[in-house]
Amino acid sequence: MRRADILQRVMASISSGLALDPLLNNILGSAVSLIKATHGTIGLVVERNGVPVIRTVAVYNMPEGEMGAEMYPGSGLAGTVLSEGRTIRLNRYGDLNQPTLPELAEHSVIGVPIRWGESMIGFFGIGGESPHRFDAHDAETLEIFAQYAAVAINNANLFKASQRALDEMRLLYETSQRIGLSDDVGGVIDAYLNQVASGGLYVCNICLYDFDQYGQRTAIVVKGRWAPQTGLERLDERLPYIQDNLDPILDTGRTIAIADVRTDPIVPPSLRTIQEETGRWALAMIPMMVKGQRMGLVVLSHTGVHHWSEENLSPYQAVAAQLAIAIDHRTQQTLLQERGQQLAVLQERQRLARELHDSVTQLLFSTTLVAQSIAPAWKRDPLEGERRVERLLELSQTALREMRSLLFELKPGDDMENHDLPATLTGLERIRRYGLLGALRLLAQDFSQDGIKTQVEVDEGGKRLFGLEAGRRSGREPVMEESIYRIIQESMNNAVKHARAHHINIQIKNSASNSIRFSIMDDGMGFTPSTMETGHGLQGSGLGMKTMRERAEALGGTLHIESAFGKGTTVEVEIPLKEIRE
């Protein structure tokens with residue numbers, strides 16, 4: 001009965017919490033108590049220079065210094081379990097090949113791998129003072145606790161991944177806003193350093209290459225730096241470019257992370273000398289790639305030895321591609337301005353702003369709603385909480401792809417149809433694969449999953465014009481279809497965000513011989529036409545309303561809104577049929 005009671009309490013703690021440290025400490029304490037051990041540890045598998053090691057993250061009655069200790073394969077009980085991948089039970093800890101705690105040599109011990117699927121993700125070990133001895137039943141009980149620990153670790157990792165994806169998406173969005181306000185390369189670099197590096201632990205240098213007429217690198221120029229001691233600095237430090245053994249790796253777009261330049265054999269002598277003089281032995285180099293070419297580096301450094309983790313590097317890596325393309329774009333903008341093409345640049349920036357608002361901003365709003373509902377959902381039902389986390393990850397991945405697709409549109413020659421489609425598709429990818437009607441139905445499903453009942457009604461004429469086969473026959477880029485998709489998407493988001501609608505109905509009709517009509521109707525709170533006229537209406541103001549009208553007018557069409565307080569809103573768009581036939 002005592003065993004069942006302890007196991008039940010452990011299960012309850014796992015289902016009600018997401019913070020990993022208290023969960024593992026609770027599981028460890030319960031296991032030590034139930035099995036009548038005197039001490040124990042739980043560790044997680046991490047990588048150090050490509051080698052898996054066990055890092056201790058929870059301790060119970062262990063010698064000082066064990067918290068945070070790392071065991072390589074074969075070292076101590078944890079390292080032995082890591083290398084052999086099985087449960088180990090010994091009457092005497094000192095019988096290990098490489099015991100790390102000689103003062104516990106006479107203690108009996110059990111070490112169990114923590115597994116998720118086929119992978120070992122951690123270690124669970126307990127010990128008891130002599131003359132206590134553990135039996136096979138104790139080992140089986142500890143294996144049960146290891147299973148609970150695996151569930152807790154996986155849940156925490158899943159939640160952590162969703163939070164990281166949300167943070168990365170927010171960072172991309174906020175950085176893009178700052179970059180969008182920057183007129184030159186210096187301003188873009190300032191935006192990156194202020195948004196990504198500011199307040200961090202690392203010195204961050206932005207380095208760009210100079211190229212000769214043959215496209216060969218001739219110099220490396222440090223254009224900007226952020227350091228914890230000095231803050232942001234604009235620089236123009238020019239150094240000769242020296243090719244070394246790191247170039248082939250960086251040219252593939254891979255990040256190089258070095259914990260200690262003094263001992264890592266991959267470090268060139270010249271680089272080792274520079275870093276040793278500064279005392280910044282830890283170094284990470286993130287390549288900035290444009291059109292398959294490395295045009296610069298984001299270089300991070302840290303005092304002393306420092307083991308770089310994915311969590312450390314992720315924010316810098318996430319925005320490095322955006323930084324590279326933005327720098328390249330600003331360079332191209334400068335050339336255009338020098339040639340008197342300022343108007344073309346302005347129109348392109350307006351288009352990017354419109355696309356950003358219509359795609360990423362809407363997904364960010366949906367993501368925020370789902371994120372706010374995770375905690376209460378998880379308390380009610382962990383399965384529902386997990387489903388919402390998966391939904392959050394799906395929305396985050398789609399938003400990131402929307403952002404990156406906008407940036408990659410600046411690169412010529414990209415043919416998306418030659419690449420495998422990911423699990424999450426952007427609006428344009430949906431149109432290309434499923435046609436406008438298929439894309440709208442997927443959009444309606446997205447809203448329905450979030451509790452908004454959405455219907456799409458299409459007459460026969462609409463099916464002929466916007467079905468999948470119609471798009472394949474035309475062979476042209478779906479520019480017009482994307483504009484219609486974005487108008488409808490913006491209307492639907494306004495209905496949820498501002499009018500708090502619960503039902504949305506989309507109608508597409510080709511009843512007239514010379515036009516196509518789209519209607520988006522909702523049951524939200526509505527607003528009066530007078531507020532729309534003055535620009536203060538709930539759904540009639542802001543960048544969203546402006547871009548909807550611009551898109552409709554660009555197709556030669558009109559946009560009309562009918563609404564009243566308490567009676568919902570109807571958005572109607574009419575486009576001349578000649579625009580569609582062209």
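Okay, one definition before we start: two strands count as paired if DSSP finds at least two bridges between them. Keep that in your head for the sheets. And a reminder that what you have on screen is a predicted model.

So, the sheet I want to open with. It's an open one of 6 strands, in the order β9-β8-β7-β12-β11-β10, and the pairing is antiparallel. Who stands at the edges? That's β9, residues 231-240, and β10; each has a single partner strand, so one side of each is left without a neighbour in the sheet. Going from one strand to the next, the twist averages 20°.

Something packs on that sheet, too. Helix α5, residues 185-197, touches β7, β8, β9 and β12, and its direction makes about 155° with that of β7.

Let's walk to the two edges. On the β9 side, β8 and β9 pair in the antiparallel sense over 8 bridges, and a hairpin of 3 residues takes you from β8 into β9. If you want a pair to click on, take arginine 225: its bridge partner in β9 is glutamate 233. On the β10 side, β10 pairs with β11, residues 282-290, again in the antiparallel sense, over 3 bridges. There, isoleucine 256 stands opposite methionine 285 of β11.

Let me zoom out for a second. The chain has 582 residues, and buried ones make up 50% of them. In secondary structure, we're looking at 17 helices and 17 strands. And if you take contacts with a separation of 6 or more, 60% of them are between residues 24 or more positions apart.

Okay, second sheet. This open sheet has 5 strands, ordered β13-β14-β15-β17-β16, and here the pairing is mixed. The edges are β13, residues 453-458, and β16, residues 558-563; each has a single partner strand, so again one side of each is left without a neighbour in the sheet. The twist in this sheet averages 10° from one strand to the next.

Inside that sheet, β15 (515-522) and β17 (569-576) pair in the antiparallel sense over 8 bridges. Serine 519 is a handy marker, standing opposite glutamate 572 in β17. Two helices to mention here. Helix α11, residues 427-449, packs on the sheet by touching β13 and β14, with its direction at about 165° to that of β13. Then there's α14, which packs on the sheet and touches β13, β14, β15, β16 and β17; its direction makes about 15° with that of β15.

Stay on α14, please, and find isoleucine 487, which lies in that helix. Is isoleucine 487 buried or exposed? Buried means under 20% relative accessible area, and isoleucine 487 comes in at 3%, so it counts as buried. What does isoleucine 487 touch, leaving out residues up to four places away in sequence? The answer is Met548, Arg551, Ala552, Leu559 and Val573. Take methionine 548: it is 61 residues away along the chain, yet the two C-alpha atoms are separated by 5.3 Å.

Right, on to the holes. Rolling a probe the size of a water molecule over the atoms shows where empty space is left.

The largest pocket has a volume of about 1300 Å³. It's lined by 33 residues, and the ones nearest its centre are Val46, Glu47, Arg48, Ser309 and Glu310. Which element gives the largest share of that lining? That would be α4, with 6 residues. Others supplying at least two residues each include α2, β1, β2 and α8, along with β10, that edge strand from earlier. By class, the pocket lining splits into 17 nonpolar, 7 polar and 9 charged residues.

Then the enclosed spaces. The search of the whole structure turns up 4 cavities of 30 Å³ or more, and the largest cavity holds about 230 Å³ of space. Its lining has 20 residues, with Thr41, Met62, Leu77, Leu101 and Phe123 closest to the centre. Here β6 gives the largest share, 4 residues, and among the elements with at least two lining residues are β1 and β2. The lining of the largest cavity divides into 11 nonpolar, 8 polar and 1 charged.

That's my tour. If you want to go back to one spot, I'd happily pull up isoleucine 487 in α14 again.

Technical notes. Residues are numbered from 1 along each chain as its sequence is written. This is a predicted model: local features need pLDDT of at least 70, side-chain atom pairs count only at pLDDT 80 or more; totals for chains, interfaces and linings use all residues. Side-chain values use heavy atoms; hydrogens and water are left out. On a 1 Å grid over the protein atoms alone, a cavity is a set of points where a 1.4 Å probe fits but cannot get out, and a pocket is an open set with protein on both sides within 12 Å along at least five of seven lines; lining residues have an atom within 4 Å of a point. Grid points are joined across faces, edges and corners, and a volume is the space filled by probe spheres set on the points. Ala, Val, Leu, Ile, Met, Phe, Trp, Tyr, Cys and Pro count as nonpolar, Asp, Glu, Lys and Arg as charged, and the others, Gly among them, as polar. Buried means under 20% relative accessible area, exposed over 50%, partly exposed in between (1.4 Å probe, protein chains only). Contact means heavy atoms within 4.5 Å. Axes are lines fitted to C-alpha atoms, for helices over the stretch in contact, and angles run from 0 to 180 degrees between N-to-C directions.
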